[in-house]
Amino acid sequence: MRLQETLKRSLRSEIEKNLKENGYTLSKFSELTGINPGSLSEILNGNPPRALTICHLDKMAEAFGYPPGWLYELYPEECLGEGKISRPRLIPYLVRCAEIGRQDCIDAAVSRLLDNPKNISILFTVAEQLFESGKRRESVPFYEFVIDNEKDSYSNQFVISQYRLFRAVEGTNSEEDFKAVIRFEPYRKRLAEDYQLDALLHLANVCYTLRRWKDVEKYADELRELAMIVYEDELRRRKNNRPSELPKTERPLIVYYGQGFLLKAVALKNMGRYEESKHYTNGYADLSWFELLDEEAEAEVEKLRLWALANSYTLSMSTGSIEVLPDYLDFLSEHPSEVLPGLVTIMKSANEFGFPVESVLERFSEDIKRFEEYQDAVDKILHLHFLYQLVVYLFKKGDYSTGLDETLRCLVLSDASKDFDYFKRCIGLFWTHLQHASDKQKKTFQTLVDERSRKV
Amino acid sequence: MKSFILSVCLVLGLGIGINGVSGEVTIKKPPTVIQYDHGVGK
C-alpha cells in the first residue's frame, strides 16, 4: 500500500510540480485541459484520488507543452495495482502506447499481464481496437501476443488473431503474402461464417497475385460452397418465418458467391483449362435469380455481369479467337476503368497470335496518354506490362525507332516501380536492337543505365 | 564502349543483394499485383 501511495504520488507529484512551475491554478489548468474542475480536484487531491484516464494525461501533457507519451511509463500503476486490473483504463492506455510507438511501455505492461493467461483477452481487445481503427501495423504485435500465449488453438480469439494477422500483412509484397497464407490457411475453417467468407475471398485474391492457381481454385470452391450454404439456410429461415441470421460480412452475400465463380474461372483460364473456365464464367454472368438482393447487392450483380462479359472476351483473346475483338473494344470504350487491363490482354494476344492492333492503339490513344498519370500501384504495374508488350509488338513489325523510344520509357517506368525483372528485359531488348538506335537514343540509354548502376 | 558494356553488366546484376555477413546471395522479388482479369480483387 505504501509503495502504491509512493508511486501514485510520483505520477501526481510530477503533475503538481509542473502546475507550480507554470503557476497554474486548478481553475486555469481546468480551462487549459478542458477537464472539469471538480474532476481535476478529485484526481489530484482526492482521498483516495480519483483515477486518471490516459485521455486526461494526454490533455495535461498538451497543456504543459509536452509531447504525447509524457509520464506514460508511470501510468500502469493507475490500472495495474495490487492484483487488480482496470480494463477500462488499461485498454485505452495500451492502444495509445501503440499509436505513439511507446514499445517500452507495452513490453512492461504485457510482461505483467501474461502472468495470468486470463489476461490474454485484454491484449486481444487492444488488437481488435487498433485493427478496426485502421492501425493494422500497430495491431500486429498484440495479435502475436495472443497467438503465442493462447493455449487453445480453437478459441475464438486465437483463430481471429490468426485471421487478422493475415489481413494485416496482406498486400505487403509477394514473399510476405505467401508466408501469411501458409501461416493462416490451416485455421480458416475454424472461423465463424461471417469471418470465413471474407477470409476465403482474401485468400483466393492473395493467391491470385502469387499466381498460385490451384490454391485460387481451392479457395474459390470453398467460397462458393459456403456462400450457398449460408444462402440456403437463410431462405429456409425466411420460409419458416424465423428471424434473419445472415452473417455480418464486409460485402453482400452475392459478392462471395459471384466471386467464387469468377476466381474459379480465372484460375482455370490461367491453367489453360479454357472450356471449364467458360463454364464457370457463365456461372456468374447472370445472378439476378439470387434472392436477398437489396440495392447494394443488385449493383454487385450488375458489376459481376459486366466482368463476366469482359472476361469472356479475355478468354477468347487468350485462345486466339480474335473475332470478339470489336465487341471487346466497344466494351472497353463504355467502361474506361477497364481499358488498361484490357489493352494489356489485347497486346499480349497480338504478340502471341500475330494480328495487327494499330487501329486499337489509335482508338485508345487518349486513354494511353493518361496511363502516365495513374498513381495506383496496380495501375502502374499494368502500365509497365502494357508498355513492354507494346515494345515487343513494335519490334516484331520492324518499327525500331518507335520501339526503342518506348523501350526507354519502359526502362524509366520499371526503374521507378523497382521492377528489376522488367528493367532487365528492357535492357535486353534495347541491346538486341542497338544497331537501329540513334545517337540520341543510345545516349539516353547510357544515362539511364549509369543512373541505375549508381544505385546498385 | 568499354564503360558502356561495364554499365550494362553492372545493371544486369540488378536486384541481387549480398548479405555481407554470411556471403549469402538473395534475390529480391518485386511486388506482384498483376491483374489482367476483370473483377479480381474488386
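Which residue follows H14(A), and what is the sign of its phi? The residue is A:Gly272, and its phi is positive, near 80°. The model described here is predicted.

Helix H14 of chain A spans residues 253–270, 18 residues in total. From first C-alpha to last it reaches 26 Å, close to the 26 Å expected at 1.5 Å a residue. Of the 18 residues of H14(A), 17 are buried, so the helix is largely enclosed by the rest of the structure.

An unreviewed UniProt entry annotates residues 20–71 of chain A as "domain: HTH cro/C1-type". In the model, this span is 60% helix and 0% strand. The C-alpha atoms at the ends of residues 20–71 lie 17 Å apart.

The cysteines were also examined. A search of the whole structure, over all chains, finds zero disulfides. Two cysteines that are in no disulfide are listed below with the distance to the nearest cysteine sulfur.

| Cysteine | Nearest cysteine sulfur | Distance |
|---|---|---|
| A:Cys105 | A:Cys97 | 4.6 Å |
| A:Cys426 | A:Cys410 | 3.3 Å |

A disulfide requires the two sulfur atoms to be within 2.5 Å. The sulfur of A:Cys97 is 4.6 Å from that of A:Cys105, so this pair does not meet the cut-off. The sulfur of A:Cys410 is 3.3 Å from that of A:Cys426, so this pair does not meet the cut-off either.

How buried or exposed are these two cysteines? A:Cys105 is buried, with a relative accessible area of 3%. A:Cys426 is also buried, with a relative accessible area of 0%.

Notes. Residues numbered from 1 in each chain as written. Chains lettered and ligands numbered in written order. Predicted model: local features only at pLDDT ≥ 70, side-chain atom pairs only at ≥ 80, totals over all residues. Heavy atoms only, no water. Buried < 20%, exposed > 50% of the residue type's maximum accessible area, 1.4 Å probe, protein only. UniProt positions renumbered as here; feature names shortened; annotations may be inferred. Helix = DSSP H or I, 4+ residues; strand = E, 2+ residues; numbered from the N terminus. Expected span 1.5 Å × (residues − 1).
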